[in-house]
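Reader: I'd love a close look at one part of this model, a loop residue and whatever can be told around it. Could you walk me through it, and then carry on outward to the rest?

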Amino acid sequence: MTHVKTKIAVAGLILASAVGYLAYAGMDKGWVYTLSVDHFLQKPAAEQQRTRVRLCGTVEPTDFQAVKGRLGAKFVLKGETATIPVSYTGIVPEMFKAGAEVLVEGKRDASGVFQSDVMLTKCASKYEEAPNGHPVKTKPTTQEAEAKP
Amino acid sequence: MIGPTATIGEYALAGSLLTGVAVVMATIMQIASGNERLARVVKFCSVLLAGLLTLSSWALLTALLNDNFTLQYVAKHSEKVLETGYKVAAFWAGQEGSLLFWAWLLGLMGLVMTIGGRKADSVQTSVALAVMAAVTAFFCLIMLFEGNPFAINPVRVADGRGLNPLLHNIAMVAHPPLLFLGYAGYTAPFALLIGALVAGKRNSDWLQPARYWIVFSWVMLTVGIVLGSWWAYLELSFGGYWFWDAVENASLLPWFTGTALLHSAVLQARRGIFKRWVATLALLSFWLCIFGTYLTRSGVVQSVHSFGESPIGTYLLVSLIAIALGGAGVIAWRWSHLRPEHNTEELINREGMFLAANVLLVLMMAVTALGTIWPVICRILGRGEVTLQASFYNSVILPMALLLCLIMSSGPILGAGNGALARAWGRLTVMGVIAALAAIAMLVLGLTSPWTIFSAATVAAVLSGVVINIFYAIRVRITSHQDALPLAIVRAFTHNSRHWGAQLAHLGMAAIIVGVVGSAVYGTLDELEIKKGETKIAHGYQLIYGDLQEVRRNNHTAVVATLDIVSPDGKQKFTVKPENRFYDKGMQEGQSAREVDLHMSFARDIYTVLGGWDNTGPIGIAILQFRINPLINWLWIGGALLTLGGLVCLIPTRAALNVPQHEATASDATPARTQKLASK
């Protein structure tokens with residue numbers, strides 16, 4: 001009986017260790033930080049270009065290029081004081097306009113432009129209460145939408 | 001004018017709180033004094049509690065149906081032009097109403113337990129009813145102090161704000177109440193467990209009614225989750241169905257432990273083993289239902305689903321601590337009563353597979369829970385705002401799900417007890433060969449993704465396992481009961497319906513794997529600008545943009561695009577009409593609801609979304625999202641099979657009616673008995 005219990009304990013330990021490793025490996029590459037524009041720009045340039053992040057800020061009225069009925073938009077995202085040019089590809093959310101609060105996901109290219117393929121028209125922490133706890137319709141993240149295993 | 005019904009509703013709610021407290025007090029007095037007559041008080045008050053909550057729910061429903069906008073809740077979640085079905089759905093569409101709905105379900109379940117517990121030990125029944133009443137009273141307390149559905153609107157309004165347009169969908173009408181039925185349902189097995197433990201019972205009699213609650217809650221939770229995913233797929237226009245959002249995860253956590261509980265309960269009922277697993281999982285499943293509610297309603301985790309920050313979070317947190325300490329305390333107190341009646345001597349048998357599945361399901365729950373609260377942990381540790389992406393869950397949960405399916409397929413093949421592996425070796429070899437052939441077939445077809453190969457092997461193992469089970473069940477009927485083949489086929493299925501219900505659910509899991517892996521690995525997405533009359537090619541499909549029309553309907557104006565699609569081989573031609581709806585109420589100015597249009601088949605969905613348009617110039621332009629989602633409908637078929645399997649398990653069997661096990665189950669005794677018969 002003790003022998004069986006030992007076997008069960010060993011099997012359980014192996015299983016838990018395998019899952020622990022999977023979780024550790026998955027977590028290592030599976031997360032993305034949400035930063036303010038100011039915080040992001042304080043990071044070293046190499047890190048800005050290497051790591052995919054979510055940036056939260058307000059769309060500046062100047063240099064605003066988004067054409068109705070067209071894919072993509074170019075605009076300047078403003079944090080508390082700092083600004084960063086953003087180039088977004090994909091379907092533009094309909095609530096997107098100058099002065100709107102947006103969240104963009106991507107990373108900075110060598111020319112200093114933040115290249116994004118994901119845009120939400122409100123910052124994650126500022127969603128309004130939705131009836132029955134269901135979301136206000138916005139574009140999802142590419143990762144969410146693709147959900148490749 | 002508040003109206004008498006609202007006043008009745010509020011008084012009934014206050015009465016429910018007092019009645020719930022009375023049930024608990026009477027039970028404590030019954031245990032302390034040993035006065036059996038107090039059991040009648042407990043039962044009477046439990047019936048009264050159900051009655052008062054029904055009255056309160058009727059009051060809110062009447063207010064919704066009669067457009068009583070003097071109530072804040074009605075003004076916030078309904079409007080005059082809302083269809084009657086959606087007015088009913090508004091009952092559970094907001095925080096306060098959903099709490100009342102949950103409390104009402106608990107009250108009704110308490111009533112069913114009162115009727116069902118007529119013949120049981122009086123202390124056992126009283127304690128179980130007291131647990132149900134305590135949880136119900138807790139919800140009443142929250143409503144009366146923090147979320148009163150009968151609160152008066154401080155401003156007089158002629159009409160309400162209406163229901164969120166996204167919720168104007170039949171799946172969304174059914175999804176929340178089904179989830180609440182599941183959540184509320186898991187209170188019952190926990191209550192019955194505590195009743196049995198406090199009464200000092202060592203046997204498994206309490207599982208007889210508890211198993212129905214366990215299966216019922218699991219079925220409700222399963223349908224609720226599947227319908228929620230289906231709704232997200234149809235309504236959110238993201239092309240996906242599951243986003244690993246905190247609130248989605250919250251419903252999945254009790255499903256993992258509930259599935260483990262479902263299986264453990266079978267072994268406890270049949271062989272008197274896994275008692276400690278059953279007790280722990282019953283506590284955990286109930287606790288996770290409240291934990292999920294805490295996540296949804298406290299604002300602790302940022303989620304696009306959440307109800308927003310709310311003071312009820314504190315109440316729920318206190319209750320979580322109380323349930324954990326109280327439940328674990330009672331289980332620890334009676335730990336020796338939960339000693340298994342038989343000892344396991346081997347690992348590779350049916351019990352071993354059940355154990356492995358339990359461990360795996362609990363680990364899946366733990367990983368999902370960790371991922372869900374990880375942003376909170378990071379915030380506490382000062383690491384900033386972190387979002388854990390779907391890739392994390394996919395890379396951890398999917399391999400575990402595949403392993404679980406392999407365990408699930410071999411469990412029913414292996415018999416119980418010692419020597420199971422030796423007896424089932426031939427059948428397992430057949431299964432293994434079929435799985436290997438399926439994997440090789442994928443490689444031959446050029447489908448080299450490791451997910452595809454492993455999934456194909458897993459699905460083949462599950463399918464072959466079910467076929468082997470059917471084959472042996474028929475053989476046992478022929479050899480041991482001397483049934484003719486047609487009769488043997490009929491009896492193999494009609495005897496022990498629970499076994500076949502489980503097999504159906506296992507097939508459902510295999511179908512879900514097909515849908516998940518097929519759509520995730522081979523799905524495509526194109527976002528394109530297309531001019532009127534222009535033809536564009538996307539993954540071999542010809543897309544011809546015809547027209548854009550504005551259509552006025554009951555409560556919205558829709559902009560409808562017409563798109564003709566020709567399949568790559570030219571054999572299929574069809575038209576899709578994705579649209580954007582501008583509802584009169586419930587949305588911000590300029591915001592619309594994108595309505596997906598689908599062309600469905602078993603092989604794939606063509607999923608189209610109208611992402612924008614420009615009709616101002618001489619040539620109209622539309623922005624289209626065009627997705628091919630291969631095999632995705634197998635996900636919904638799998639969900640339906642899971643549900644159907646669960647429902648079949650709810651049918652009372654001869655075994656449940658105390659018919660000896662060997663008489664009732666042909667397939668269940670398959671491996672050992674067949675071996676014995678074959679050797680004769």
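Author: Gladly! Let's start with Asp67(B), which is partly exposed because 18 other C-beta atoms lie within 10 Å; a residue counts as buried with 20 or more other C-beta atoms within 10 Å of its own, as exposed with 12 or fewer, and as partly exposed in between, the C-beta atoms being placed from the backbone. Please keep in mind that this is a predicted model: local features need a pLDDT of at least 70 and side-chain atom pairs count only at pLDDT 80 or more, while totals for chains, interfaces and linings use all residues. Residues are numbered from 1 along each chain as its sequence is written, and chains are lettered from A and ligands numbered from 1 in the order in which they are written.

Asp67(B) sits in the loop between α2 (38–65) and α3 (72–77) of chain B. Helices here are DSSP runs of H or I with at least four residues, strands are runs of E with at least two, and both are numbered from the N terminus. The backbone is what catches the eye: Asp67(B) is not a glycine, yet its phi is positive, at about 50°. Most residues other than glycine have a negative phi.

Gln482(B) can be read alongside it. Its phi is near 55°, again a positive value in a residue other than glycine. This residue belongs to the loop between α16 (450–481) and α17 (485–494) of chain B, and it counts as exposed because it has 9 C-beta neighbours inside 10 Å.

Back to α2(B), the helix before our loop. Two packed helices are described by the angle between their axes and the distance between the axes. α2(B) packs against helix α6 (residues 122–146) of chain B at an angle of about 35°, with the axes 10 Å apart; the axes are lines fitted to C-alpha atoms, for helices over the stretch in contact, and angles run from 0 to 180 degrees between N-to-C directions. The crossing is left-handed, a word used if the near helix is turned anticlockwise from the far one by less than a right angle (right-handed if clockwise). On the α2(B) side, Ala39(B), Val42(B), Lys43(B), Ser46(B) and Leu49(B) take part, meeting residues of α6(B) that include Leu129(B), Ala130(B) and Ala133(B); contact means C-beta atoms, placed from the backbone, within 7 Å.

Further along chain B there is an open sheet of four strands in the order β2-β11-β10-β9, with antiparallel pairing; strands pair if DSSP finds at least two bridges between them. β2 (524–531) and β9 (597–600) of chain B are the edge strands, each with a single partner, so one side of each has no neighbour in the sheet. From one strand to the next the twist averages 20°. Within this sheet, β10 (residues 604–614) and β11 (residues 621–630) of chain B are joined by 10 bridges in the antiparallel sense, and Asp605(B) has Asn629(B) in β11(B) as its bridge partner.

Asp605(B) also leads to Ile632(B), which touches Gly515(B), Gly518(B), Ser519(B) and Asp605(B), leaving aside residues up to four places away in sequence. Ile632(B) lies in the loop between β11 and α19 of chain B and counts as buried because it has 27 C-beta neighbours inside 10 Å. Ile632(B) and Ser519(B) are 113 residues apart in sequence, but 5.4 Å apart in space from C-alpha to C-alpha.

Helix α19 (residues 633–649) of chain B holds Leu644(B), which counts as partly exposed because it has 16 C-beta neighbours inside 10 Å.

One more piece of chain B: β5 (residues 556–566) and β6 (residues 573–576) pair in the antiparallel sense over four bridges. They form a hairpin with six residues between them, and Gly570(B) in the turn has a positive phi of about 75°. Here Asp564(B) has Thr575(B) in β6(B) as its bridge partner.

Finally, a glance at chain A, which has four helices and six strands. Its mean pLDDT is 76, with 80% of its residues at 70 or more; pLDDT is the predictor's confidence in each residue, from 0 to 100. Among its elements, strand β4 (residues 83–88) has the highest mean pLDDT, 94, and helix α4 (residues 142–146) the lowest, 30. Over residues 123–149 of chain A the pLDDT is below 50, and this stretch has 82 contacts in the model beyond near neighbours in sequence. Where pLDDT is low, the predicted coordinates should not be read in detail.

Note on methods. Contact = placed C-beta atoms within 7 Å.
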